[in-house]
Amino acid sequence: MNVHAVGVERQVTLLDLLISKIALEFLTQSAAFVIICTGLILLGGAELPHDPIGVMVVFWGCMAVGAGLGLANMAVARVFPLVNTVLGPIKRLSVFISGVIFTASQLPSFALPWFSWNPVFHAIELARTLWYPAYRTPIGDPWYIALVALFLFAFGIAA
């Protein structure tokens with residue numbers, strides 16, 4: 001019997017699978033983030049965040065940028081399969097330019113405008129500000145993070 005009979009539509013689409021995968025990652029990573037932060041606070045003597053809800057919102061914004069980038073990457077890779085080969089080293093480099101290892105105030109003044117294009121850099125700087133109220137960052141725009149995530153989602157779904 002032909003499963004793909006004429007006139008029968010699939011009930012589960014590719015978009016359904018993408019949404020479920022994003023929801024699964026969102027919930028799993030959020031739980032892991034809360035567990036790790038709680039463990040570091042209770043066992044490691046880390047400071048309580050000044051604004052824990054704000055830190056979670058910034059974390060979710062960072063995840064939204066990553067999900068949008070994944071959708072956009074998937075759409076482009078369907079047309080240009082070589083893009084995954086090219087993006088491999090760039091993804092590794094992105095860890096170093098995300099601001100995890102250094103702060104914005106440690107950058108030379110000529111480099112800050114270039115690094116400020118990275119929405120993850122904005123998110124990490126905002127998280128530092130929300131965790132430690134004494135820390136002041138020269139960048140960290142939540143609207144920039146939201147707009148980049150929205151643009152990447154829209155591009156990925158449209159493509």
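**Figure 1. Helix α3 bends by about 25° at P89.** This close-up comes from a predicted model, so keep that in mind for every view here. Now check the length of the helix. Helix α3 covers residues 83-96, which makes 14 residues, and at 1.5 Å a residue they should span 20 Å. The C-alpha atoms at its two ends turn out to be 21 Å apart, which agrees.

**Figure 2. Two cysteines, C37 and C62, sit 13 Å apart, sulfur to sulfur.** What is a disulfide, anyway? A disulfide is a covalent bond that joins the sulfur atoms of two cysteines. To be counted here, the two sulfur atoms have to lie within 2.5 Å. The cysteine sulfur closest to that of C37 belongs to C62, and at 13 Å that is too far for a bond. Look from the other end and you get the matching story: C62 is in no disulfide, with the sulfur of C37 as its nearest cysteine sulfur. The disulfide count comes to zero. Is C37 buried or exposed? C37 counts as buried, because its relative accessibility is 15% and the cut-off for buried is under 20%. C62 has 26% relative accessibility, so C62 counts as partly exposed.

**Figure 3. F33 and F59 form a stacked pair of rings.** To describe a pair of aromatic rings, you give the distance of the centres and the angle of the planes. The structure holds six aromatic pairs. In the pair shown here, the ring centres of F33 and F59 are 4.2 Å apart and the planes are at 15°, so the pair is stacked. This pair links distant parts of the chain: F33 belongs to helix α1 (residues 14-42) and F59 to helix α2 (residues 52-79), with their positions 26 residues apart. F33 has a relative accessible area of 21%, so F33 is partly exposed.

**Figure 4. F151 and F155 stack within helix α6.** The centres of these two rings are 6.5 Å apart, with 20° between the planes. Where do F151 and F155 lie? Both are in helix α6 (residues 142-158), four residues apart, or about one turn of the helix. F151 is exposed, with a relative accessible area of 57%, while F155 is partly exposed at 36%.

**Figure 5. Three phenylalanines make one aromatic cluster.** Which residues form the cluster? Look for F102, F115 and F121.

Technical notes:
Residues numbered from 1 in each chain as written. Predicted model: local features only at pLDDT ≥ 70, side-chain atom pairs only at ≥ 80, totals over all residues. Heavy atoms only, no water. Expected span 1.5 Å × (residues − 1). Bend = angle between axes of the 7 residues up to and from the residue. Buried < 20%, exposed > 50% of the residue type's maximum accessible area, 1.4 Å probe, protein only. Phe/Tyr/Trp six-rings, centres within 6.5 Å; stacked < 30°, edge-to-face > 60°.
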